[in-house]
Amino acid sequence: MAWKPQPLTYLCPQCGWKKPVAPRSDVRLEGFDQFSKCPKCGITELITRKPSLLELARLGLSWSGR
């Protein structure tokens, strides 16, 4: 059964690149809604966190409080 993943924000601690994503399904595409390395500097140690309220608004989502 397919499940919709929670939105995430990917952050690069080296160059400051940031990308909030809201996957539409459990099928995730590298470089679109999943990142294993920074597309700007290539570092593989990315930080992931829940998106802020502003990032959720930009993605067109509402805050669920989870």
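Lys18 is partly exposed, with a relative accessibility of 45%. In this predicted model, the Lys18 side chain takes part in a salt bridge with Glu55, where the closest N and O atoms are 3.3 Å apart. That pair ties together distant parts of the chain: Lys18 belongs to strand β2, Glu55 to helix α1 (residues 53-59), and 37 residues separate them.

Glu55 makes a second contact of this kind. Its other partner is Arg49, and here the closest N and O atoms lie 3.1 Å apart. The count for the model is 2 salt bridges, and Lys18, Arg49 and Glu55 are linked by them in a network. As general background, side chains of opposite charge can pair when their charged atoms come close.

How do the members of this network sit relative to the surface? Glu55 is buried, with a relative accessible area of 4%, because buried means under 20%. Arg49, at 30% relative accessibility, counts as partly exposed, and Lys18, at 45%, falls in that class too. The table sets out the two pairs.

| Salt bridge | Closest N and O atoms |
|---|---|
| Lys18 and Glu55 | 3.3 Å |
| Arg49 and Glu55 | 3.1 Å |

Now to the cysteines. How many disulfides does the model contain? The count comes to 0 disulfides. Cys12 is in no disulfide, and the nearest cysteine sulfur, that of Cys41, is 3.6 Å away. Seen from the other side, Cys41 is in no disulfide either, with the sulfur of Cys12 as its nearest cysteine sulfur at 3.6 Å. The reasoning is short: a disulfide needs the two sulfur atoms within 2.5 Å, so the separation of 3.6 Å between Cys12 and Cys41 does not qualify. For context, a disulfide is a covalent bond between the sulfur atoms of two cysteines.

Are these two cysteines buried or partly exposed? Cys12 counts as buried, at 5% relative accessibility, whereas Cys41 is partly exposed, with a relative accessible area of 32%.

Finally, a look at the surface. Which residues make the nonpolar surface patch of about 340 Å²? They are Val27, Leu29 and Phe32. Val27 is found in the loop between β2 (18-21) and β3 (47-49). With a relative accessible area of 58%, Val27 is exposed, because the exposed class covers values over 50%. Strand β2, which precedes that loop, is also the strand that holds Lys18 of the salt-bridge network.

Definitions and conventions:
Residues are numbered from 1 along each chain as its sequence is written. This is a predicted model: local features need pLDDT of at least 70, side-chain atom pairs count only at pLDDT 80 or more; totals for chains, interfaces and linings use all residues. Side-chain values use heavy atoms; hydrogens and water are left out. Buried means under 20% relative accessible area, exposed over 50%, partly exposed in between (1.4 Å probe, protein chains only). Patches are made of residues with over 30% relative accessible area and no salt bridge: like charges are joined within 9 Å, nonpolar side chains (Val, Leu, Ile, Met, Phe, Trp, Tyr) within 5 Å. Accessible areas come from the Shrake-Rupley method with a 1.4 Å probe; for residues, only the protein chains shown count as cover. A salt bridge is a side-chain nitrogen of Lys or Arg within 4 Å of a carboxyl oxygen of Asp or Glu. Helices (H or I, at least four residues) and strands (E, at least two) are DSSP runs, numbered from the N terminus.
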